[in-house]
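This report introduces a single protein chain to a reader who has not met it before. The sequence and the structure are shown first, and the description follows.

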Amino acid sequence: MNIPIKTLQHYLVLVESANFTRAAEKCFITQPTLSKIIQRLEESLGQQLLHRNNQKVELTQAGILLEQSAREILGQWHRLQEDLNNLSGLKSGRLRLGVCPMMSSLIIGLLTEFRQRYPGIELQMYEYGGFGCEQALLNNSLDIAFTALPTTHDIELANQALTRYPLLACVPEGHELATKTSITWQDFAAYPFILYNEDFSLAKLITRLSAKAGVQLNIAFRSGQWDFLGTMVEAQMGVAILPEPISDKLSSNKLVFIPMEPNLTWDLALIWRKDLPLTPAAEALLSVSQQAQSPL
């Protein structure tokens, strides 16, 4: 059985796209070509990998097994390439970097410093929520990722803390809570709450801490966009919690930000798998972050 690495790459793009047309566009090939590649792959393995229904792709049990193995194989191939590149010094290579969308603007300084030191390294950035970053690391699709602590898979993942920011209650101007000097979890109980998408680390943190305080939040809306979240609060659709650097970007005078009681923080970190050595490029990024003299 001889399966080219490129075939596995095309297969994973198809799995992630769940559609032959979109996958072919991402692979820069025609749809008939992609169909033939997948057909040859199935013939080589002697297994049907996909259920095809009006171009919608669903995996068979064999397809699920291949997806898991393909991610691991491609991850190991990537690491081999990076190790070979590093034999002549860290002059080239790729860094597969996960970034939570809310953190994007906060890591520019660190990434700029990294690019200045290692201009030959190609940064391949993937935007996931915190939980998505963890999953991508565990299936070897990322080398390292920026996220917020705590992680869900703390046994499997190592981390290096970077900086922390206060979490602030966000309420619309004129709201009943707007005159308070601090906000408790109990204060939120009577109002619709706007929360981040479920794969965001911050969403999991807020849910866990509110439950620990004995408060069940009345979640009315979810969003992965902090600016849209602020707009919904401004429109009096609910209340929310935002990290200080995000609240600083929302300059609207129709929003009021109030400290939480007890104080809450948004702890940012780099995370990676404990059971795999860091690639040279990931090790370099970690070193740059350790040498940084100021928060992100």
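In the account of charges below, Lys and Arg count as positive and Asp and Glu as negative, while His and the chain ends are left out. On that basis, the chain has 24 positive and 29 negative charges, and the mean positions of these two sets are 5 Å apart.

The model is predicted. Its secondary structure consists of 11 helices and 11 strands. Taken along the principal axes, the box filled by the C-alpha atoms is roughly 70 × 50 × 35 Å. Of the contacts between residues at least 6 apart in sequence, 73% link residues at least 24 apart.

The following table collects values for the chain and its surface.

| Property | Value |
|---|---|
| Residues in the chain | 296 residues |
| Buried share of the residues | 47% |
| Exposed area of the chain | about 14900 Å² |
| Share of that area from carbon and sulfur atoms | 51% |

The largest pocket has a volume of about 620 Å³. Which elements give two or more residues to its lining? They are the helices α1 (5-17), α4 (61-86) and α6 (130-138), together with the strands β3 (93-99) and β4 (121-127). Helix α4 provides the largest share of the lining, with six residues. In total, 21 residues line the largest pocket, and those nearest its centre are Glu16, Leu74, Arg96, Tyr126 and Ser141.

How values were computed
Residues are numbered from 1 along each chain as its sequence is written. This is a predicted model: local features need pLDDT of at least 70, side-chain atom pairs count only at pLDDT 80 or more; totals for chains, interfaces and linings use all residues. Side-chain values use heavy atoms; hydrogens and water are left out. Helices (H or I, at least four residues) and strands (E, at least two) are DSSP runs, numbered from the N terminus. Buried means under 20% relative accessible area, exposed over 50%, partly exposed in between (1.4 Å probe, protein chains only). Contact means heavy atoms within 4.5 Å. Accessible areas come from the Shrake-Rupley method with a 1.4 Å probe; for residues, only the protein chains shown count as cover. The place of a charge is taken as NZ of Lys, CZ of Arg, CG of Asp or CD of Glu. On a 1 Å grid over the protein atoms alone, a cavity is a set of points where a 1.4 Å probe fits but cannot get out, and a pocket is an open set with protein on both sides within 12 Å along at least five of seven lines; lining residues have an atom within 4 Å of a point. Grid points are joined across faces, edges and corners, and a volume is the space filled by probe spheres set on the points.
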